[in-house]
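Subject: Structure handover

Dear colleague,

Here is the structure we discussed, with its sequence. My notes on what turned up in it follow below.

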Amino acid sequence: MSNLKDIQQWYAAACDGDWEHSYGIRIETTDNPGWIISVDLARTALYGRMCEMEDECTDGSWASAKSDGIEFVAGCDPSSLERAIGYFVEFAAAESA
């Protein structure tokens, strides 16, 4: 569960007494079925950073993510939530590398 710990730490670091009142992280289910994760990048060190990631496995699982510099969005099948969270962790880590 390292990815979960890492996204929790990123969120805690982004919270400054103001940011969390207007921005945040949302994890929701979709009707296709699957998951979607949205992370607001405004007023963080990741603002303006763009990316696109995609992964499809032979077992039918999939995950994809992209950032337009304002919001990071990842989607995945019902069994790949950890992988989708990992995309954000990878995206955030690349900024500090």
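Asp-40 is buried, with a relative accessible area of 15%. This is a predicted model, and every value here is computed from it. The side chain of Asp-40 meets that of Arg-26 in a salt bridge, 3.2 Å from N to O. Asp-40 sits in strand β2 and Arg-26 in strand β1 (residues 25–30), so the pair links distant parts of the chain, 14 residues apart. Arg-26 itself counts as partly exposed, at 34% relative accessibility.Arg-26 also forms a salt bridge with Glu-71, where the closest N and O atoms are 2.9 Å apart. Glu-71 belongs to strand β5 and Arg-26 to strand β1, so this bridge ties together parts that are 45 residues apart in sequence. Glu-71 is partly exposed, with a relative accessible area of 26%.

The count of salt bridges comes to five. One of them joins Arg-43 to Asp-18, with 3.0 Å between the closest N and O atoms. Arg-43 is in the loop between β2 and β3, while Asp-18 is in the loop between α1 and α2 (19–22), and the two are 25 residues apart. Both ends are partly exposed: Arg-43 has a relative accessible area of 48%, and Asp-18 has 40%. Asp-16 belongs here as well, being linked with Asp-18 and Arg-43 in a network of salt bridges.

Asp-77 is another matter. Which side chain of opposite charge is nearest to Asp-77? Arg-83 is, at 4.5 Å, and Asp-77 has no salt bridge although it is buried. The cut-off for a salt bridge is 4 Å, so a distance of 4.5 Å does not qualify.

Asp-77 is found in the loop between β5 and α3, and its side chain has polar partners. A polar atom of the Asp-77 side chain lies 2.7 Å from the backbone nitrogen of Trp-62. The side chains of Asp-77 and Ser-80 are joined by a polar contact of 2.6 Å. Beyond its neighbours within four places in sequence, Asp-77 is in contact with Pro-33, Gly-34, Trp-35, Ser-61, Trp-62 and Arg-83.

Next, the nonpolar interior. The largest nonpolar core has 22 residues, and those with the most contacts inside it are Trp-10, Val-39, Leu-41, Leu-46, Phe-72, Phe-88 and Phe-91. At least two core residues come from each of α1 (2–14), β2 (34–40), β3 (50–56), β4 (62–68), β5 (71–76) and α3 (81–96). Helix α3 gives the most, with seven residues.

On the aromatic side, the count comes to seven pairs. Phe-72 and Phe-88 form one that is edge-to-face, with 5.2 Å centre to centre and 70° between the planes. Phe-72 is in strand β5 and Phe-88 in helix α3, 16 residues apart, and the pair links these distant parts of the chain. Phe-72 is buried at a relative accessible area of 0%, and Phe-88 is buried at 1%. Phe-72 and Phe-88 are also part of one aromatic cluster, together with Trp-10, Tyr-11, Trp-19, Tyr-23 and Phe-91.

Regards

Definitions and conventions:
Residues numbered from 1 in each chain as written. Predicted model: local features only at pLDDT ≥ 70, side-chain atom pairs only at ≥ 80, totals over all residues. Heavy atoms only, no water. Core = buried A, V, L, I, M, F, W, Y, C linked by side-chain atoms within 4.5 Å. Buried < 20%, exposed > 50% of the residue type's maximum accessible area, 1.4 Å probe, protein only. Helix = DSSP H or I, 4+ residues; strand = E, 2+ residues; numbered from the N terminus. Lys, Arg positive; Asp, Glu negative; His and termini not counted. Polar contact = N/O pair within 3.5 Å; in protein donor to acceptor, adjacent residues only side chain to side chain. Contact = heavy atoms within 4.5 Å. Phe/Tyr/Trp six-rings, centres within 6.5 Å; stacked < 30°, edge-to-face > 60°.
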